[in-house]
Amino acid sequence: MTALPLVPATEPVAADSPYRSYVYAYPHKSAYRPFAERPLLADLWRDEDVRALSLYLHIPFCEMRCGFCNLFTRSTPPAEQVAAYLDAFERQARTVAATLPDGTGFARAALGGGTPTYLEADELARVYDVLESAFGVDLTAVPMSVETSPATATADRLAVLRERGVTRISMGVQSFIDSEAHAAGRPQKRAEVDRALELIRAHTTADLNVDLIYGIDRQDERTWAYSLDTALEHAPEEVYLYPLYVRPLTGLGRRGRSWDDHRLGLYRQGRDHLRERGYEQVSMRMFRRADAPEAQGPEYCCQTDGMVGLGCGARSYTTTAHYSFDYAVGVGRVRSIIADYIDRDAADFAHAEVGFLLDDDERRRRHLLQSLLRAEGMDAADYASRFGSHPREDFPDLFAALDRRGWLAEDTVLTEEGLAHSDAVGPLFFSDRVNALMAEYEAR
Ligand SMILES: C[S@@+](CC[C@H](N)C(=O)[O-])C[C@H]1O[C@@H](n2cnc3c(N)ncnc32)[C@H](O)[C@@H]1O
Ligand code: SF4
């Protein structure tokens, strides 16, 4: 998956709404700020354990701009801009690789976006060549996940992905009913979706993930069951069920209690539907086919691992610093940030510019958020071995709040209802500092 950012809502979300914010990474980029003195990457990485990092490349291009989506991306860029972007990525990759300590190794890799398969087949091959030569890594030996979309999952691109050893392909479908996809602001054709799914299955042996969205206008139990069943015809190893979020600067705007109830009802239906058909729930959004071989290097197990992010819009994580480039959703700002990335020379990529420094308290919060929101819950012993305390000692009020709502089944495992309210549980654990930074962030 696929990672989905959050932009603070312009209208306040009701305090008891189950849909406050999707916490897929903490802190969110809207809490990042320019560093006063741009630190050298070499300094940030010097003392890190770099033996099993994640490598991520962000491709901020799509063949369409979906009304619901606030990821960092622009639609249909001119071909020269894509070529210039890849040139800049190559400069960045070589500079960043030179800043990493000896012994750097990668345990997993991903191409995300946007839509990485917006790139042509030869451009995708170039991306692999650059990553492999810059970082001295054989990507066929590393679990690698790639995001695609129905219109861009073509046979020639899939052939490149297969040759280069892709192990997971994730595609957004959202709905198998065109009128629903259109209602969510996605101009999609069902025939293209079917063709893409068949091609992925025919041309690769990668795990298939399908993203579906619930809470679309006029979506009901019957149409939701239809989309779920149609996805299951392809026996995807993973299914992600996303509640529709609508945020500033995207084309849609709906709020309110009845919509919350609509989404919660469809969530429960989707969860039960998948469970009854042999899927295990991994988190509020993620379901995995129980008979599928264990995922290799799953992206969700790396809460303490470092990540090297490349491309405009990617984040990088060391133990104490998260950094990225500037972030925006609005078309004009996205374009100027991409243009600025393309203009950089190699030396410009040796510094971190925008980011967030995590102290001990923030690292505890991050660890909690990334483990408590999983169906299996968090391992308090693991937390204790990292931080020397029990999470309840560190955050007694927050655990008491979860207890009061009846959202804890065990010490550090959410109940079904707790998991259903993951997007309300998560924000409880944000620090005051992160809340203040996010609140002052202006959606641009
Ligand atoms: C990078 S996209 C997937 C790949 C590809 N770009 C595509 O759209 O087919 C990430 C996924 O996040 C989900 N998503 C994005 N914005 C959302 C929103 N506002 N509400 C709910 N889900 C959203 C969608 O399911 C989408 O497929
Ligand atoms: S949902 Fe996918 S295709 Fe649509 S704008 Fe977002 S990243 Fe692009």
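Trainee: What span should the residues of helix 7 give, and how far apart are its end C-alpha atoms?

Mentor: First, a caution: this is a predicted model, where local features need pLDDT of at least 70, side-chain atom pairs count only at pLDDT 80 or more, and totals for chains, interfaces and linings use all residues. Residues are numbered from 1 along each chain as its sequence is written, and chains are lettered from A and ligands numbered from 1 in the order in which they are written. Helices (H or I, at least four residues) and strands (E, at least two) are DSSP runs, numbered from the N terminus. The expected span of a helix is 1.5 Å times one less than its number of residues. Helix 7, residues 221-232, has 12 residues, so it should span 16 Å. Its end C-alpha atoms are 16 Å apart, which agrees.

Trainee: Which residues of helix 7 are buried?

Mentor: Count C-beta atoms, placed from the backbone, within 10 Å of the residue's own: 20 or more others means buried, 12 or fewer exposed, and in between partly exposed. In helix 7, the buried residues are Trp224, Ser227, Leu228 and Ala231. Looking down the axis, they fall within an arc of 95° (the arc of directions from the helix axis to the C-beta atoms), so they line one face of helix 7. Arg222 and Asp229 are exposed on the face turned away from that buried side.

Trainee: What do the buried residues of helix 7 pack against?

Mentor: Use contacts: two residues are in contact if their C-beta atoms, placed from the backbone, lie within 7 Å. The partners of helix 7 are strand 7, strand 8, strand 9 (238-243) and helix 8.

Trainee: Now helix 2. Which of its residues are buried?

Mentor: Check the length first. Helix 2 (residues 79-99) has 21 residues and should span 30 Å; its end C-alpha atoms are 31 Å apart, which agrees. Its buried residues are Tyr85, Ala88, Phe89, Gln92, Ala93 and Val96. These cover an arc of only 150° around the axis, which puts them on the same side of helix 2. Ala79 and Glu80 are exposed on the other side. The buried residues pack against several elements, including helix 1 (41-45), strand 2 (53-59) and helix 9 (331-343).

Trainee: Take Tyr85 alone. What is it in contact with beyond its sequence neighbours?

Mentor: Tyrosine 85 is buried, with 22 other C-beta atoms within 10 Å. Leaving aside neighbours within four places in sequence, tyrosine 85 is in contact with Ile338 and Ile342.

Trainee: Where are the backbone oddities? Which peptide bonds are cis?

Mentor: Read omega. The bond from tyrosine 26 to proline 27 is cis, with omega near -5°. Proline 27 lies in the segment before strand 1 (33-34). Another cis bond joins glycine 113 and glycine 114, with omega about 15°. Glycine 114 sits in the loop between strand 5 (106-113) and helix 3.

Trainee: And phi? Are threonine 76 and glutamine 174 buried or exposed?

Mentor: Both residues have a positive phi without being glycine. Threonine 76 has phi near 35° and lies in the loop between strand 4 (74-75) and helix 2. Threonine 76 is exposed, with 11 other C-beta atoms within 10 Å. Glutamine 174, with phi of about 75°, lies in strand 7 (residues 168-174). Glutamine 174 is buried, with 26 other C-beta atoms within 10 Å.

Trainee: How many residues surround ligand 1?

Mentor: A residue belongs to a shell if its C-beta atom, placed from the backbone, lies within 6 Å of the molecule. For ligand 1 there are 18, and the closest are Phe68, Ser149, Gly172, Asp211 and Tyr242. Strand 7 and strand 8 (207-214) each give two or more residues. Strand 7 gives the most, with three.

Trainee: Which residues are around ligand 2?

Mentor: Among them are Cys62, Cys66, Cys69, Gly113, Gly114, Ser149 and Gly172. By class there are five nonpolar, six polar and one charged. Here Ala, Val, Leu, Ile, Met, Phe, Trp, Tyr, Cys and Pro count as nonpolar, Asp, Glu, Lys and Arg as charged, and the others, Gly among them, as polar.

Trainee: What domains does the chain have?

Mentor: The domain assignment, automatic or from a database, gives domain 1 (29-301) and domain 2 (360-440). Their centres, taken over C-alpha atoms, are 26 Å apart. The contact takes 10 residues from domain 1 and nine from domain 2. On the domain 1 side, helix 8 (residues 257-276) gives the most, with three residues.
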